[in-house]
Amino acid sequence: MKKLNAKELGIGALAGLTAALLVYGALRQPFLAIVFISASALPILIVGLGWGNIAVATAVVAAGIFGIVIGPLPFALTAIVLAAVPAWLSHLASLARPASELGGPDHLMAWYPLSDIMLHLCAVASIAIVAAGVLMGYGPDLIGKTIAFNLELLNDQQQQALDAASIEKLKTILLYAVPFAWGMCWVSAVFAAYYFATRIVVASGRSQRPREDIPSALRMNRNAIFVFLAAIVAIFFGGVLGLVAAAVLGAFGAGFIVSGFASLHYRTRGKDWRLPVLILCYLVCFFVTLPLFIVLVLGLYDTRKAISLTPNKNADTPKQDTKI
């Protein structure tokens, strides 16, 4: 068993405190909530990728303790969940085994595939969103109360109110759009934090995992397609099953869109028109939905698993990164 190191514990506690403060900031500034929540994953990932499992476990515990001290129990649970998800991703990213177990050379180590890390992120995000919805009592009643509250504000401002049919239609759309949007935003935000955390840890020299070429390595696991298609079918049943399917659809849809962009970067390499086309693609996807659907299809089409390899500690060969 690894001996506890006071420095690692201190760094982990500091990272947990930072993450909890950012989650608290998200509650105080709802308009910047997505920014604060995205940023809260960064210190956890940096500690997990750079200092290991004990430090990142300390960070999760510290985030929970800080949440209990300054807020009610739901806030503490939220802080723990938001810290636990990136902590789990950093643990997966630190896993490696001899490449010979996968049919590779004896002198190399195989690292946990990025496609499987993304699969775990989508699955954990879906579970967390469903759990949060249960705790909040999310459903038609909550959406109805939220819409009624906003309509009262519009009436106070003497703006034109919606008719009953429009209100019911709006309720139905929002009921499924909210968990879908949560899934899309959370997966995209946490993966962005993972990207920046790996760059920071590699630059600091503390990373054991080799720096990966994201455009060539990031694809969704093929099994994710079946989950995505099952969610599309399930959402038409409506009810609780439809709400769960909306969260799954958003989370896995974000995974396929991110991998679709990675595939787009990889396929345009070496082209003279690459930079303007990529800039135009990002701008159009930001404002219009249809091009984003094309990127989603590209992510669904291009699924595979790439494994990063590095020489093991006893190898005499020079250090290099390889894919199989």
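The exercises below, each with a worked solution, concern one helix and two pockets of a predicted model.

**Exercise 1.** Work out what span helix α4 should have at 1.5 Å a residue, and check it against the distance between its end C-alpha atoms.

*Solution.* Begin with the extent of the helix: α4 covers residues 73-93, which makes 21 residues. Next, take the expected span as 1.5 Å times one less than the number of residues, which gives 30 Å for α4. Finally, compare this with the model, where the end C-alpha atoms of α4 are 30 Å apart, so the two values agree.

**Exercise 2.** Which residues of α4 are buried, and what covers them?

*Solution.* Taking buried to mean under 20% relative accessible area, look along the helix and find, among others, F75, A76, A79, L82, A83 and V85, and further on P86, A87, L89, S90, L92 and A93. Then look at the surroundings, where the cover of these buried residues includes the helices α1, α2, α3, α5 and α7, together with the strand β2 (108-111).

**Exercise 3.** Describe the largest pocket and the second largest pocket by volume, by main contributor and by class of lining residue.

*Solution.* Start with the largest pocket, which holds about 1,000 Å³ of space and has I37, T78, A132, M136 and W182 nearest its centre. The largest share of its lining, 7 residues, comes from α4, and the lining divides into 23 nonpolar residues, 1 polar and no charged.

Turn then to the second largest pocket, with about 740 Å³ of space, where S188, I257, V258, F261 and Y282 lie nearest the centre. Here α7 gives the most to the lining, with 8 residues, and the classes are 21 nonpolar, 3 polar and no charged.

Conventions
Residues numbered from 1 in each chain as written. Predicted model: local features only at pLDDT ≥ 70, side-chain atom pairs only at ≥ 80, totals over all residues. Heavy atoms only, no water. Helix = DSSP H or I, 4+ residues; strand = E, 2+ residues; numbered from the N terminus. Buried < 20%, exposed > 50% of the residue type's maximum accessible area, 1.4 Å probe, protein only. Contact = heavy atoms within 4.5 Å. 1 Å grid on protein atoms, 1.4 Å probe; cavity = no way out; pocket = protein on both sides within 12 Å on 5 of 7 lines; lining within 4 Å. Points joined across faces, edges and corners; volume = space filled by probe spheres on them. Nonpolar A, V, L, I, M, F, W, Y, C, P; charged D, E, K, R; others polar.
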